[in-house]
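Please look through the sequence and the 3D structure below. The paragraphs after it lead through the fold step by step.

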Amino acid sequence: MRRLGRPVIALLVALAATLPPAAPVAAASVTLTLTGADLGPVPRLGYNLGHWVEGSNAADWWRYSGLANARVFVSPSDIEPSDDLAPAGDGVTSQASFASRRTALRGAAVAAGTTDETYIRWSAFIQRYRTATGDTNELTVDHAFGALRDQGVEILANLTASPSRFPISSDADWAGMWELWQHYYAQGFLLSSRYGVTRFGTFNEPNNWNGMTPTDWLRRLRICADALRAGVADAATRDGVTRTATIYAPGTANGASKYADWGSPAVTGRHLRWDGTVDPGWTNLDRYAYQKYSMNATGSATAYGEDASSLAGLIAADLPADVVLPLALTEFNVRTGSDYDGTSATLDTPADFVQLAVNTATVTARGVREIFLFKMAQTERSGGTYPVAKNGTHYVQNADPGHRYGGATKGAEVWRMIAAACAPGRRLAGITTSLSSLALLACRQDGGRALDVIVANPSTSSHTLTLDVSALGIPSGASVVLSEVSAGASGGVVTTGTIASGRIAKLPLPALSVVRIQVSGSARTSASVPVTADTVLRDGSGAGSTSGGTARTLDVRADGTVDGRRVVLLRFPVSAATAAADQVLLTLRAANTSRSGTIQAHVYGVDAGAWSEGSASWSGLGSILASGVPAGSRIENGIVRGQGVRAWILGQLVTTSTSLGWKQIDVTEHVRTRAVDGWVSFLIVQDHRWDLAIPARTVGDTQADGIRIASRESGSSVAPRLITFSSGTLSAAARLPVRVVAEASRDRVRWEAPVRVAVSVVSRRAIPAGRVVLRTGGPDAGVVGGCRLDRFGQCRIRLDALAVAPYRIVAAFRPARGFRVAQARFPLVVLRPAGMEPTRLALGPATTGEDGLPIVPIRVEGPDACLAGRTIAPGLDLDGDGRPETTLGSLVTDPLGLAQIPWPVPGEPALAEGTIVATLAPAGPCEGAVTSGPASPPPPTAP
C-alpha cells in the first residue's frame with residue numbers, strides 16, 4: 001500500500017447567494033490553498049446497518065444520508081439455525097467425497113438454480129431471508145437488502161459462522177468443513193443472485209472470539225472464500241451476467257497490533273486453496289479489513305492515521321513490490337459502545353462529532369479506501385450505564401416492532417456532509433493550510449473544476465477562512481455555499497458567496513465545528529422564487545381548522561400534547577428554470593418562539609399540491625399527517641405518515657434565539673422531481689426524535705420551545721423563498737429522474753379495492769415521449785400495468801391485482817427516442833388474491849404514434865420468462881363473433897413485454913370499425929395460449 005500525501009475532499013455542485021453572508025464569528029484568518037494535485041479516487045463511505053425491518057422508515061433516512069455503501073451482518077445462525085439437510089455432513093467423510101459433492105452441488109445449482117434441493121434446501125434459506133430477524137440489529141434480509149438495492153447501494157455482507165454452530169475439529173474434519181462450505185456457498189449464490197451482492201466478509205473480529213486461534217480461523221477463511229467465490233460465479237452463470245466475489249479479511253479488532261498473529265498468516269498464505277494446494281492465481285482475500293475505535297486509545301488525534309500507516313507498511317513487507325492489498329476500515333467510530341458507556345459524551349458532543357471528521361480525514365490521508373461508520377442505529381445495550389449504544393448515529397425505537405427512526409445526531413450530519421463531498425466517482429485533491437490543527441478533505445469532480453472542501457476545527461478557537469482556488473482555474477462568479485455542523489447548526493447552509501480572482505475570504509469557521517464548502521466550477525447566476533402559499537396546521541381540536549393561512553408568523557411545535565401540535569406547510573411554483581437549477585435552497589426567516597436555546601425541526605418534501613391557504617387543514621392532509629396519535633413525546637408519537645413514499649426528509653432546521661434570522665436547507669433533488677407538477681410543497685415538523693434522552697436518561701423528547709417562521713403575510717422581504725443557482729449546463733445525474741407515487745391509503749394493500757398509481761417523468765429538457773410500465777420487483781417479477789405519458793410527462797395506472805406477493809413495484813420508463821431508460825421504485829407492498837392466471841394479455845386504447853398514425857399498445861403480463869420474445873398473433877374481428885377475419889401480423893414483445901399493433905394495417909384498406917383480438921403463443925415454459933378480452937379502437941384515419 002503506497003502512502004498518500006495529506007489529501008482532501010470536495011464535491012459536485014456549489015453556489016452563490018442573494019442573501020448577506022453570516023457575520024464572522026471570530027479571530028484568526030486561515031488560508032486554505034488548493035494545489036491542483038490529484039491524489040487518487042475518494043474512499044468508499046458507508047454505514048454498518050442497525051435496525052431495518054418492514055414498517056420502518058429506515059430506507060428514507062438512508063436516502064437522506066446519501067451513502068452508496070452498506071455493511072450488513074447476516075448471521076449464519078439466523079439463516080440456517082439447524083442443519084438444512086440431515087444428516088450433518090451430508091455423507092462427506094474425506095477430501096475426495098468433499099470434492100465430489102462440491103462438484104455435484106455446483107452443477108445442480110447452475111442447471112436448475114434453487115429448484116433442485118438435492119444438495120441444499122434452498123426453500124429454507126429463502127424463507128429465513130423473509131422472516132428471520134437478527135438480535136442486536138433487527139433486520140430481515142429481504143426487506144433491508146431489497147430497499148438498499150432499490151437505492152443502488154453496494155452491500156458488503158458480513159457472515160460470521162460461529163464455531164459453536166459450524167464446528168470444525170481439525171484439518172481431517174471434512175464433514176464439518178463441508179457444512180461450513182455449503183452454507184457460505186448458499187449465501188453467496190442467493191445474495192448475489194437476488195440482490196447483486198458481490199462483497200463479503202467471512203468472519204467478524206476473530207481475535208475477539210473465545211477459543212478461536214489463528215490456525216482455526218485460517219482454515220475457515222480458505223473454506224469460506226472458496227465457497228463464496230463459487231456461489232457468486234455459479235449464480236452469475238445461471239443469471240447470464242458477469243460477477244465475481246470480493247473477499248474482506250481478516251476483520252480483526254485493531255489494525256497493526258493484530259497483524260503478526262492474524263493478518264500476516266492470511267496475507268502470506270493467500271494462495272492456499274481449500275484442499276491444501278497452492279495456486280498463484282488464487283487469493284483468499286481481496287481487501288485487508290480491520291476495525292478501529294481509538295480516539296482515546298493513545299491520546300493522539302492522529303492515532304487512526306498512525307495505525308493505518310503502520311498496518312500498510314506491514315502488509316507491503318509481506319507482499320511483492322507490484323501487489324497492493326487495499327485497506328478497508330469496516331468498523332470505525334470515535335469510541336466503542338463500551339467506551340461511550342463510561343462517559344457522558346455522545347455523538348452530539350462537539351468534541352466527538354468534530355473528532356469523527358478529523359479521524360476520517362486522517363485515515364483517508366494514509367490510504368484507507370473504504371470506511372464504514374459503526375453504526376446507523378442506537379441499538380440496545382444491557383448491563384451498562386446507558387440502555388443504548390451511543391456510537392449509533394440515529395435515534396431509533398428499540399422496543400417497537402417497527403423500529404422507526406426518529407432523528408439524526410450531529411455525528412450523522414457530519415457523516416452526511418462528508419459523504420456528499422466524497423461522493424463516488426470523485427477525486428481527492430491536494431490542499432494546504434496555514435493552521436496545522438485543522439483537518440481537511442478536498443475532492444474534485446473527475447474531469448471538472450467544481451470541488452468540495454471539508455474543514456474540521458477541533459479547537460475551542462473560532463477562525464475565518466480564505467479559500468484560494470486559483471490553481472484550479474475556477475472563474476470569478478463561481479458560487480460558494482458553506483454548510484455547518486456545530487453546537488448551533490445541524491448541517492444547514494449558513495452562508496453563501498462568490499469567487500473573485502480565484503479566492504473567497506471571511507468564511508466562518510466556529511470553534512468545535514465541521515464545515516463543508518461547495519465551490520462551483522463555473523460562474524452562476526442566482527434567482528429568488530417567492531412562496532405562493534404558507535399555513536399552520538393544528539392537530540387535536542384544531543384538526544379541521546383552515547385559519548392558519550392568515551398568520552404573520554408560522555409556528556412549529558410538538559409539546560407532547562395533541563392540541564399543542566403545530567406544523568407548517570409551504571408551497572412554491574416550480575418552473576422549468578427552477579427545476580433545471582444546479583442548486584436550490586429553501587430559505588426562511590426563523591427564530592425560537594419564546595426563549596433562547598437550541599431548537600430543532602425536520603423539513604420534509606411532501607406530495608401535497610392541491611391545497612390552498614384558505615382550505616388546508618390537518619385532517620385534510622390525512623395521507624401525510626396522522627390523526628388520533630395519542631399525546632406523548634416518544635418516537636411512536638410522531639405524526640408524519642408514509643415517510644419515503646409521500647414524505648421525504650430533507651434536512652434539519654435549527655434556531656438558537658428569539659431574533660428572526662435567515663436559515664437555509666438544500667432541497668435541490670426534491671425540487672427536481674417536481675418539474676412536471678409545477679409546484680413543490682414542504683412540511684416542517686418538530687418530531688420527537690428519541691425515546692430516552694442521552695445522557696440525561698429522561699423519557700421522551702419534548703423540546704423547551706418551538707420555532708416561528710415569518711410568513712408571506714409579513715411582507716415579501718422576509719417571506720419564505722427558494723434561492724436557485726444556475727450555470728446553464730445540465731448535470732448528467734439529473735437529466736431524467738423518475739418519481740413514482742402510490743396514492744394508496746396505506747403502505748400495505750390487499751387489493752380489496754383497486755389502487756391508482758400516479759407516474760411522472762421529469763426531464764431537464766423537453767418532456768420525453770414514451771411509456772411507463774410497472775413491474776413487480778421480486779424474483780417472480782412481472783408487468784402489472786402501464787400507461788403512455790401525456791404531454792406533461794404524466795399518466796395514471798389502475799392496479800387491480802399483482803403476481804404472488806408481497807413485492808415492491810418498479811416503474812420503468814421506455815422512451816420513444818433520444819432518452820436513456822430510467823427506473824424508480826416505491827415501497828408499495830401488495831398481496832394478490834389467488835386464482836389469477838400467471839400470464840395474460842392486455843390491450844390498451846388506440847393512441848397516435850409518432851408518425852401520426854393510430855397504434856394499439858399491447859402487453860404481456862406475467863413472469864419475466866414469459867415477456868421478451870413471445871409471439872403475439874393479433875387479428876381483427878369484423879363481425880363480432882370473437883374470431884378474427886383479418887390478420888394484423890405477428891408481433892414480438894420487448895424485454896418488458898410490450899409491443900404495438902399498427903392501425904390501419906400496412907397494405908390493407910382503411911376499415912371503419914372492428915375489434916382487435918390478440919393471442920399469446922408461448923414458445924417456452926409459460927402456460928398455454930391466452931386470449932385477451934376484446935378491445936375496440938376508435939375508427940382509424942386513412943393514411
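A residue is called buried when its relative accessible area is under 20%. Helix α11, residues 350-365, shows how this is used: 14 of its 16 residues are buried, so α11 is largely enclosed by the rest of the structure. The model is a predicted one.

The length of α11 can be checked as well. The expected span of a helix is 1.5 Å times one less than its number of residues. For the 16 residues of α11 this gives 22 Å, and the C-alpha atoms at its ends are 23 Å apart, which agrees. After α11 comes Gly367, which has a positive phi, near 100°.

Now take the chain as a whole. The protein chain has 14 helices and 46 strands. Of its 943 residues, 58% are buried. Contacts can also be sorted by how far apart the partners are in sequence. Among contacts between residues at least 6 apart in sequence, 76% join residues that are at least 24 apart.

Some of the strands form a barrel. Eight strands, in the order β2-β3-β4-β5-β6-β7-β8-β9, make a closed barrel with parallel pairing. On average, neighbouring strands of this sheet are turned by 25° against each other, direction ignored. One of the pairings in the barrel joins β8, residues 327-333, to β9, residues 368-373, in the parallel sense and over four bridges. Ala328 has Glu370 in β9 as its bridge partner. A helix lies against this part of the structure too: α7, residues 214-239, lies across β5 (199-201) and β6 (246-253) and runs at about 150° to β6.

Helix α6 can be treated in the way α11 was. At 1.5 Å a residue, its 22 residues should span 32 Å, and its end C-alpha atoms are 31 Å apart, which agrees. Most of α6 is covered, with 20 of its 22 residues buried. Gly196 follows α6, and its phi is positive, near 70°.

Aromatic rings come next, and α6 carries several of those described here. A pair of aromatic rings is described by the distance of the centres and the angle of the planes. The structure holds 21 aromatic pairs. In one of them, Trp174 and Trp274 are arranged edge-to-face, with 6.1 Å from centre to centre and 90° between the planes. What does this pair tie together? Trp174 lies in α6 (residues 174-195), while Trp274 lies in the loop between α8 (259-268) and β7 (287-293), so the pair ties together parts that are 100 residues apart in sequence. Trp174 has a relative accessible area of 12% and is buried. Trp274 is also buried, with a relative accessible area of 7%.

A second pair is arranged in another way. Trp181 and Tyr185 are stacked, at 5.1 Å centre to centre and with 15° between the planes. Both residues lie in α6, where they are four residues apart, about one turn of the helix. Trp181 is buried at a relative accessible area of 0%, and Tyr185 counts as buried at 0% relative accessibility. These residues belong to a cluster: ring pairs link Phe98, Trp122, Trp174, Trp178, Trp181, Tyr185, Phe189 and Trp274.

Rings can also have a charged group over them. Arg229 lies over the face of Trp282, 5.3 Å from the ring centre. In another case, the charged end of Arg589 sits over the ring of Trp662, at 5.4 Å from its centre.

The last part of the walk is an open sheet. Its five strands follow the order β21-β23-β28-β25-β26, and the pairing is antiparallel. Which strands are the edge strands? They are β21 (533-538) and β26 (647-655), each of which pairs on one side only. Neighbouring strands here are turned by 25° against each other on average, direction ignored. β21 pairs with β23, residues 566-573, in the antiparallel sense over six bridges. Within that pairing, the bridge partner of Asp534 is Leu570 in β23. Helix α1, residues 58-65, lies across β25 (599-606) and β26, and runs at about 60° to β26.

How values were computed: Residues numbered from 1 in each chain as written. Predicted model: local features only at pLDDT ≥ 70, side-chain atom pairs only at ≥ 80, totals over all residues. Heavy atoms only, no water. Helix = DSSP H or I, 4+ residues; strand = E, 2+ residues; numbered from the N terminus. Buried < 20%, exposed > 50% of the residue type's maximum accessible area, 1.4 Å probe, protein only. Phe/Tyr/Trp six-rings, centres within 6.5 Å; stacked < 30°, edge-to-face > 60°. Lys NZ or Arg CZ within 6 Å of the ring centre and 35° of its normal. Pairing = 2+ DSSP bridges. Axes fitted to C-alpha atoms, helices over the stretch in contact; angles between N-to-C directions. Contact = heavy atoms within 4.5 Å.
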